[in-house]
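Subject: Structure for your review

Hello,

Here is the structure I said I would pass on. Please look it over before reading my notes underneath.

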Amino acid sequence: MSVSMLKMYISFGGMALLLLAIGLIILSRYKLNGILAGIVSVLAYLSLILGGIIIIYIVFSGPTG
């Protein structure tokens, strides 16, 4: 597997984490109450941060040849 393909799959993982964060934030704000909403929102923000770090790494790592 080439470096370019590996970076593509890693970026797909980052985008999946960002989409997961969106879904979990909506779920915790509108459907859940109490401590469960807090736990889900913490997971959502952790996946948002991790997904953002992955995407920033892929963008700033430069082109591959």
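What follows is a summary of the helices, the core and the surface.

Please keep in mind that this is a predicted model.

Helix H1 runs over 3-30 and helix H2 over 35-60. The length of H1 is as expected: its 28 residues, at 1.5 Å each, should span 40 Å, and the C-alpha atoms at its ends are 41 Å apart, so the two values agree.

The largest nonpolar core consists of six residues, namely Leu24, Ile25, Leu32, Ala37, Val40 and Ala44. Both H1 and H2 supply at least two residues of this core, and H2 gives the most, with three. Within the core, Val40 is worth a look for its contacts: leaving aside residues up to four places away in sequence, Val40 touches Leu24, Leu27, Ser28 and Leu32.

The buried residues of H1 are Lys7, Ser11, Gly14, Ala21, Leu24, Ile25 and Ser28. H2 is included in what covers them. As general background, an α-helix has 3.6 residues a turn, so residues three or four places apart point the same way.

On the surface, Met1, Met5, Leu6, Tyr9, Ile10, Phe12 and Met15 make a nonpolar patch of about 720 Å². One of these, Tyr9, lies in H1. Tyr9 counts as partly exposed because its relative accessibility is 43%, and that class covers values between 20% and 50%. For context, nonpolar side chains tend to be buried together in soluble globular proteins.

Regards

Terms used
Residues are numbered from 1 along each chain as its sequence is written. This is a predicted model: local features need pLDDT of at least 70, side-chain atom pairs count only at pLDDT 80 or more; totals for chains, interfaces and linings use all residues. Side-chain values use heavy atoms; hydrogens and water are left out. A nonpolar core is a set of buried Ala, Val, Leu, Ile, Met, Phe, Trp, Tyr and Cys residues joined through side-chain atoms within 4.5 Å. Buried means under 20% relative accessible area, exposed over 50%, partly exposed in between (1.4 Å probe, protein chains only). Helices (H or I, at least four residues) and strands (E, at least two) are DSSP runs, numbered from the N terminus. Contact means heavy atoms within 4.5 Å. Patches are made of residues with over 30% relative accessible area and no salt bridge: like charges are joined within 9 Å, nonpolar side chains (Val, Leu, Ile, Met, Phe, Trp, Tyr) within 5 Å. Accessible areas come from the Shrake-Rupley method with a 1.4 Å probe; for residues, only the protein chains shown count as cover. A salt bridge is a side-chain nitrogen of Lys or Arg within 4 Å of a carboxyl oxygen of Asp or Glu. The expected span of a helix is 1.5 Å times one less than its number of residues.
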